[in-house]
Amino acid sequence: MITLENISLSFANKKLFDNFNLKINRGDKILLYGKSGTGKSSLLKMLLGFQMPDSGSIYFNGKISDQKSIWEFRKKVGYVSQDTDFGQGKIYALLTEMLHYSNHRELEPNRETLLNYLDLFDLPASILEKEMADISGGEKQRMALIIPVFLQKSFFILDEATAALDSGMKKKVIRFFLDHKEWTVIASAHDREWLSQPEIKVIKTGEE
Amino acid sequence: MQTQDIRLTSLVICSVLLLIPIFISLFLKLKLIRSTVLSVARMTAQLFFAGLYLKYLFQLNNPYLNLFWLLIMVLAASFSVIKNSELNLRLFILPTFFSLASTNLLIVLYFNNFVIHLQNLFEARYLVVIGGMLLGNSMRGNIIAASGFYKSIKRNENRYFYHLANGANQFEALKPYLREGLTTALKPTIATMMTIGIVSLPGMMTGQMLGGSSPMLAIKYQITIMIAIFTSTTASTALILFLTNRSCFDVYGVMKKSVFKSLVTK
């Protein structure tokens, strides 16, 4: 369980959060819904320790977010943001590199599952041989979503991760994440496809 | 075989040549006259000073003094290299000094001992001169790599965060940037070695031959020096990146804003 307690954050004199509270339980599906510039990304970044709140605290299973608990938390996280930039090289080289992170030592990579995910997200298997610079924005975004799933993460932080996808694919991706009951998902979006899902708990940003 | 002397009057006669660039600058309104005159004057003064201190350094040839002098050169190099970059002096001066000093000193001593078998490893003519040459070459690579490394993380923060937030530890997330930084730093030296002797004759070789060495001896020095330069550039660059990694990121793995001198964004 993750608790955000009395979080306040301002940017350039604009108050984004003022004593904001949130509890995230295992299996929750939470949507941060609001216009851009209302602090959705910042909130997700605070969760990950990439951004410090001006005041307030974040707890992971009762332990305050610090240099130990944050790295522990990140092990379980799959994070996808809008316009993920992979850098250079072939897709499979990136996958291999990420599979070899010391945190993933116990994973047993399975080619079959990878191919299934690619198929599910309408990507050809040949994409693995492609240069990252040569694939389209939509393909890149789907690849960015597949990687953490393939790495068997259980806590997904999706920052406008479906924005670059067409409506059909968007729905498919959203259902895919929501249908895994055991996964915790906290997403930010400003598209309707997320809103209409029954299991989602919506938190509106920028309305204080 | 003695090198022809250059008399002071000859220096003046040589300076007459400068009338050509000055004329061109005037004609094309390059506005470079002031800086040309200033830079020539500075060069002359600095080199006279260098000639003077080297003369005394060679005469005294005190191992401690030579070593001390080399360290002063490292300190000056560290300052100049950071000043010419966008990096924060306070965060970078110690790691830069340490990495340049340790790698260059080790390599020059290795060179003096195993390659040219000097009796006195701290002999001024070799320690200061060869050390200085290694230093001059490695400091450029150093700062290209360090500022490239930190700028690239800042520019591609998304990519860095993607890896951090998908299970990478800090070192693993930084690896692509480390590779990129080191490669950019080493490419110029590799390119130089590729064309050396065909496109240009390096200054050291030319100098040795003017000083009376045989071409064969001069090229052997050049080869060994290039290898030493390449090694010291690689080692000091890798070291500075590793050393600054600790101080330039917070405990959450986020790059500190103070890495750069001025805050352009936000």
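1. Just after helix H1 of chain A, A:Gly49 takes a positive phi of about 80°. The model is a predicted one, and the angle is a computed value like the others in this note. Helix H1 of chain A spans residues 40-48 and is mostly covered, with seven of its nine residues buried. The buried residues are A:Lys40, A:Ser42, A:Leu43, A:Leu44, A:Met46, A:Leu47 and A:Leu48. A lysine and a serine are thus part of that list, alongside leucines and a methionine.

2. Two further residues should be looked at for their phi angles. Most residues other than glycine have a negative phi. A:Glu160 has a positive phi, near 50°, and is not a glycine. The loop that holds A:Glu160 runs between strand S7 (155-159) and H6 of chain A. A:Glu160 counts as buried because its relative accessibility is 6%, and the cut-off for buried is under 20%.

3. The second case is in chain B. B:Asn61 is not a glycine either, and its phi is positive at about 45°. B:Asn61 sits in the loop between helix H3 (33-60) and helix H4 (63-83) of chain B. Is B:Asn61 buried or partly exposed? Its relative accessibility is 21%, so B:Asn61 counts as partly exposed.

4. Chain B as a whole has 10 helices and zero strands. Its pattern along the sequence is therefore α-α-α-α-α-α-α-α-α-α. The C-alpha atoms fill a box of roughly 70 × 55 × 35 Å along the principal axes. Chain B has 266 residues, of which 38% count as buried.

5. The domain assignment divides chain B into domain 1 (1-51) and domain 2 (61-259). How far apart do the C-alpha centres of domain 1 and domain 2 of chain B lie? The distance between these centres is 30 Å. B:Asn61, from point 3, is at the start of the range given for domain 2.

6. Chain B also carries a nonpolar surface patch of about 850 Å². The residues that make this patch are B:Leu17, B:Ile20, B:Phe23, B:Ile24, B:Phe27, B:Leu28, B:Leu30 and B:Leu32. One of them, B:Ile24, is found in helix H2 of chain B, residues 19-27. B:Ile24 has a relative accessible area of 40% and is therefore partly exposed.

7. A charged patch is found on chain A. A:Arg26, A:Lys63, A:Lys68 and A:Lys76 form a positive surface patch. A:Lys68 belongs to helix H2 of chain A, residues 67-76. With a relative accessibility of 70%, A:Lys68 counts as exposed, because the cut-off for exposed is over 50%.

8. Over all chains, the count of salt bridges comes to 10. One of them is between the side chains of B:Arg159 and A:Asp85, at 3.8 Å from N to O. B:Arg159 lies in helix H7 (residues 157-164) of chain B, and A:Asp85 in the loop between strand S6 (77-81) and helix H3 (91-99) of chain A, so this pair joins two chains. The partners are covered to unlike degrees: B:Arg159 is buried at 9% relative accessibility, whereas A:Asp85 is partly exposed, at 25% relative accessible area.

9. Another salt bridge stays within chain A. A:Glu131 pairs with A:Lys90, and the closest N and O atoms are 3.8 Å apart. This pair links distant parts of the chain, 41 residues apart. A:Glu131 is in the loop between helix H4 (111-120) and helix H5 (137-150) of chain A, and A:Lys90 is in the loop between S6 and H3 of chain A. A:Glu131 is partly exposed at 33% relative accessibility, and A:Lys90 is partly exposed at 31%.

10. A salt bridge within one helix completes the note. A:Asp179 and A:Arg175 form it, with the closest N and O atoms 2.8 Å apart. Why are these two residues separated by about one helical turn? The reason is that they are four residues apart in helix H6 (residues 167-179) of chain A. An α-helix has 3.6 residues a turn, so residues three or four places apart point the same way. A:Asp179 is partly exposed at 44% relative accessibility, and A:Arg175 is partly exposed at 26%. Salt bridges with shared partners join A:Arg175, A:Asp179 and A:Glu199 into one network.

Conventions. Residues are numbered from 1 along each chain as its sequence is written. Chains are lettered from A and ligands numbered from 1 in the order in which they are written. Side-chain values use heavy atoms; hydrogens and water are left out. Patches are made of residues with over 30% relative accessible area and no salt bridge: like charges are joined within 9 Å, nonpolar side chains (Val, Leu, Ile, Met, Phe, Trp, Tyr) within 5 Å. Accessible areas come from the Shrake-Rupley method with a 1.4 Å probe; for residues, only the protein chains shown count as cover. A salt bridge is a side-chain nitrogen of Lys or Arg within 4 Å of a carboxyl oxygen of Asp or Glu. Buried means under 20% relative accessible area, exposed over 50%, partly exposed in between (1.4 Å probe, protein chains only). Domain bounds come from an automatic or database domain assignment. Lys and Arg count as positive and Asp and Glu as negative; His and the chain ends are not counted. The place of a charge is taken as NZ of Lys, CZ of Arg, CG of Asp or CD of Glu.
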